[in-house]
Amino acid sequence: MWNPLDQNNIHNPYPMYDLLRKEAPIYKAQTGEWIFTRYEDVKHVLTSKNYGGGNRKDWIERGVEYLAQKDIDISHIVEAMNSFILQLDPPSHTKIRRFVTDNWDKNGVEDIIQNNVNTLINNITTPEFDLVTEFTAKLPSMTTAKIMGLPIADHAYLHDLATEMIKALDLYVSLKELVVLNDASKKFVTYFRDKLTDNSLSEGLLKHLVSVNKHAEEPLTDNELISVFIFLFVASEETSVSFLGMSFYNIITHDLQSELIVRENISLELEELLRFNSPVQLLGRIALEDTIIDNHRIKKGDTLTLCIGAANRDPAVFESPNEIQLDRNPKHLTFGKGIHYCLGDWLAKYVSEIAIRECLLKFNNLTIIEGPTDWYNNLAIRGFRSLKVRVG
Ligand code: HEM
């Protein structure tokens, strides 16, 4: 019943989720982990102190040890992931999360997005174009680079590294993939280590956090700071690219362009699009205690896989869950819940609102000529790398 690597399930995981939710909503997979598909259960695990983050970190550390015996050094990945806040539990999690949220000034972010959207749209001069490669895949990395104050010319390089690094959050990572991941980590660490002391950088989040940290009572180490920057880049990249691509696909195929274009503000409608196709489909947790959920005995150390995409389509919570109802205002779990709730939800929403509105205004009546194609090869973050469209 659980086959997240099957290409059919990557393209359309919802029938698999429906079956699991109906037949075995808390399911022990052959790989040993527990699979959760009901909304209330997923929400419960995300908000309970009995479950912690870090299941991927453990697995990766085991991979590092194994490869070290074969004289393959992949310690860079551990260095990069050392302080990924997603992997940490309190109190270290609280310290790093506070450091970012308390010191991230949101002023000016909307202007940055608007400028980037205008630049990208103005570069599209043909009536047929690839909405992903020419627009949605570029916008998030351009925006994060500019927010951090990094040279804009670096955004494509950082985008490619983030695309490699996101595999660190996959459900299953092969040893071969770990080696690729290690290479991306090494480049990311080198990049940000240089930037920590680069006086020529523009004003931005990076310079600001480095300066605040210098005067902090309990400053983060350089390695911790580097992990923060890498994770902000990684967390904001594929998720936003996926959401933008999927949103355009849904808007075009569900005939929503003319309905959205007349609305002054589409923030409510975005919530429904976020529910309908969550970019992050799977989250992982580890049981910190022996617990029982719905008569299932979960042992300390067990791994839990939470299917957000399934929870967001649970008919016990959402009426006609497989329909897009723009005015639904759903309480989806797309940005998670509890202490690890997405720290950049506001940014993802700004980016998508401005991008969608401007595209619909500029490109009248888009139709799909090919795609979506070239899907990401895993279900944890679900999306595609090409969607060819025609204007008019
Ligand atoms: C549509 C886009 C996005 C989606 C769907 C998304 C989704 C998520 C989810 C589900 C989590 C919780 C993970 C867990 O509990 O294990 C999360 C955490 C996080 N997200 Fe996002 N995210 C998006 C965009 C962003 C952006 C733009 C940023 C930029 C800074 C960002 C930064 C983070 C960070 C730092 C965390 C970890 C928070 C913590 O552990 O305390 N995300 N995101």
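## Close-up views of a predicted model

**View 1. The iron atom and its protein donor.** The ligand's iron atom picks up a single donor from the protein: the SG atom of C342, 2.3 Å away. This is a predicted model, so read every distance here as computed from its atoms. C342 itself sits in a loop, the one that runs between α16 (308-311) and α17 (345-362).

**View 2. Around the ligand.** Zooming out from the iron, we count 27 residues surrounding the ligand, and the closest are H93, R97, R285, H340 and C342. Several of these put side-chain N or O atoms by ligand oxygens. For H93, the gap between such a side-chain atom and an oxygen atom of the ligand is 2.7 Å. R97 has an N or O atom of its side chain 2.6 Å from a ligand oxygen, and for R285 the figure is 2.6 Å.

**View 3. Strand β5, home of R285.** How many residues of strand β5 are buried? It's 6 of the 6 in the stretch 282-287, so this strand is largely enclosed by the rest of the structure. L282, G284 and I286 point one way from β5, while L283, R285 and A287 point the other way. That fits the usual pattern: in a regular strand, side chains alternate between the two faces of the sheet.

**View 4. The partners of β5.** Strand β3 (residues 51-52) runs antiparallel to β5 and is joined to it by 2 bridges; G52 has I286 as its bridge partner in β5. Strand β8 (residues 303-307) is also antiparallel to β5, with 5 bridges joining the two. Here L283 is matched with L306 of β8.

**View 5. A three-stranded open sheet.** Elsewhere in the model, an open sheet of 3 strands follows the order β4-β10-β9, and its pairing is antiparallel. The edges are β4 (128-130) and β9 (367-375), each of which pairs on one side only. From one strand to the next, the twist averages 10°. Between β4 and β10 (residues 384-390) there are 3 bridges, and one bridge partnership is that of D130 with K388 in β10.

**View 6. Helix α13 across the sheet.** Helix α13 (residues 222-253) lies across β9 and β10, at about 35° to β10. S240 has its place in this helix. Is S240 buried or exposed? It's buried, with a relative accessible area of 13%, which puts S240 below the 20% cut-off for that label. The S240 side chain reaches the backbone oxygen of S236 at 2.7 Å. As a reminder, an α-helix has 3.6 residues a turn, so residues three or four places apart point the same way.

**View 7. F384 in strand β10.** F384 belongs to β10 and is buried, with just 3% relative accessible area. Beyond its neighbours within four places in sequence, F384 is in contact with V132, G245, M246, Y249, P372, T373, D374, W375 and Y376. Have a look at F243 too: F384 and F243 are 141 residues apart in sequence, and their C-alpha atoms are 9.8 Å apart in space.

**View 8. What covers helix α10.** Which residues of helix α10 (residues 155-165) are buried? They are H155, L158, H159, L161, A162, T163 and M165. The cover over these buried residues includes α5 (75-81), α9 (139-148) and α11 (175-196), along with two elements from the views above, α13 and β10.

Conventions: Residues numbered from 1 in each chain as written. Predicted model: local features only at pLDDT ≥ 70, side-chain atom pairs only at ≥ 80, totals over all residues. Heavy atoms only, no water. Pairing = 2+ DSSP bridges. Helix = DSSP H or I, 4+ residues; strand = E, 2+ residues; numbered from the N terminus. Axes fitted to C-alpha atoms, helices over the stretch in contact; angles between N-to-C directions. Contact = heavy atoms within 4.5 Å. Buried < 20%, exposed > 50% of the residue type's maximum accessible area, 1.4 Å probe, protein only. Polar contact = N/O pair within 3.5 Å; in protein donor to acceptor, adjacent residues only side chain to side chain. Donors = N, O, S within 2.8 Å, 3.2 Å for Na, K, Ca; no water. Near = heavy atom within 4 Å.
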